Amino acid sequence: MAENLPAGPAETGAEMDYAEHEKTYDLFLAVIKYSSVVVVAILIAMAFGFFTSAGFFSSTVLFILISVVGAWLLR
């Protein structure tokens, strides 16, 4: 079974661009971080609008307020 393994290196392509990889990973983390804030703000605003008598306008204002405060805290 061991005689079927390749003898050379597994990677034969170009060298990895680690700087570009780090930039892509940082962008991915930023997108996930801020989109998580938006999703949580949407859920809180929907609960506020549906389960209270506040209405659409008040829940929209709450969504904007939570999004801005969350983005400010995560900057």
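## Overall composition

Of the 75 residues that make up the protein chain, 8% count as buried, in what is a predicted model. The accessible surface of the chain comes to about 6500 Å², and 73% of that area belongs to carbon and sulfur atoms. As for secondary structure, the protein chain has 2 helices and 0 strands.

## Packing of the two helices

Two packed helices are described by the angle between their axes and the distance between the axes. Here helix H1, which covers residues 18-51, packs with helix H2, which covers residues 56-74, at an angle of about 155°, and the two axes are 8 Å apart. Angles over 145 degrees count as roughly antiparallel, and H1 and H2 are therefore roughly antiparallel to each other. The crossing that H1 and H2 make is right-handed.

## Pairs distant in sequence

Two pairs of residues can be followed in the model. Leu62, a residue of helix H2, is separated from Ala45 by 17 residues in sequence, while the C-alpha atoms of Leu62 and Ala45 are 6.0 Å apart in space. Because its relative accessible area is 21%, Leu62 is partly exposed; the cut-off for a buried residue is under 20%.

The other pair involves Tyr34, which lies in helix H1, and Arg75. Tyr34 and Arg75 are 41 residues apart in sequence, and the distance between them in space, taken from C-alpha to C-alpha, is 9.3 Å. Tyr34 has a relative accessible area of 31% and is therefore partly exposed.

## The salt bridge

A search of the whole structure finds 1 salt bridge. The salt bridge is formed by Glu20 with Lys23, and the closest N and O atoms of these residues are 3.5 Å apart. Both Glu20 and Lys23 lie in helix H1, where they are 3 residues apart, or about one turn of the helix.

The partners of this salt bridge fall into separate accessibility classes, as the values for each show. Glu20, with a relative accessible area of 39%, is partly exposed, whereas Lys23, with a relative accessible area of 55%, is exposed, because the class of exposed residues begins over 50%.

## A nonpolar surface patch

Val38, Val39, Ile42, Leu43, Met46, Phe50 and Phe51 together make a nonpolar surface patch of about 720 Å². One of these residues, Val39, is found in helix H1, and at 47% relative accessibility Val39 counts as partly exposed. A residue needs over 30% relative accessible area to belong to a patch, and the 47% of Val39 therefore meets that requirement.

How values were computed: Residues numbered from 1 in each chain as written. Predicted model: local features only at pLDDT ≥ 70, side-chain atom pairs only at ≥ 80, totals over all residues. Heavy atoms only, no water. Patch = residues over 30% accessible without salt bridge, like charges linked within 9 Å, V, L, I, M, F, W, Y side chains within 5 Å. Areas by Shrake-Rupley, 256 points an atom, 1.4 Å probe, with all protein chains shown as cover. Salt bridge = Lys/Arg side-chain N within 4 Å of Asp/Glu carboxyl O. Helix = DSSP H or I, 4+ residues; strand = E, 2+ residues; numbered from the N terminus. Buried < 20%, exposed > 50% of the residue type's maximum accessible area, 1.4 Å probe, protein only. Axes fitted to C-alpha atoms, helices over the stretch in contact; angles between N-to-C directions. Parallel < 35°, antiparallel > 145°, perpendicular 65-115°, else oblique. Left-handed = near helix turned anticlockwise from the far one by under 90°.
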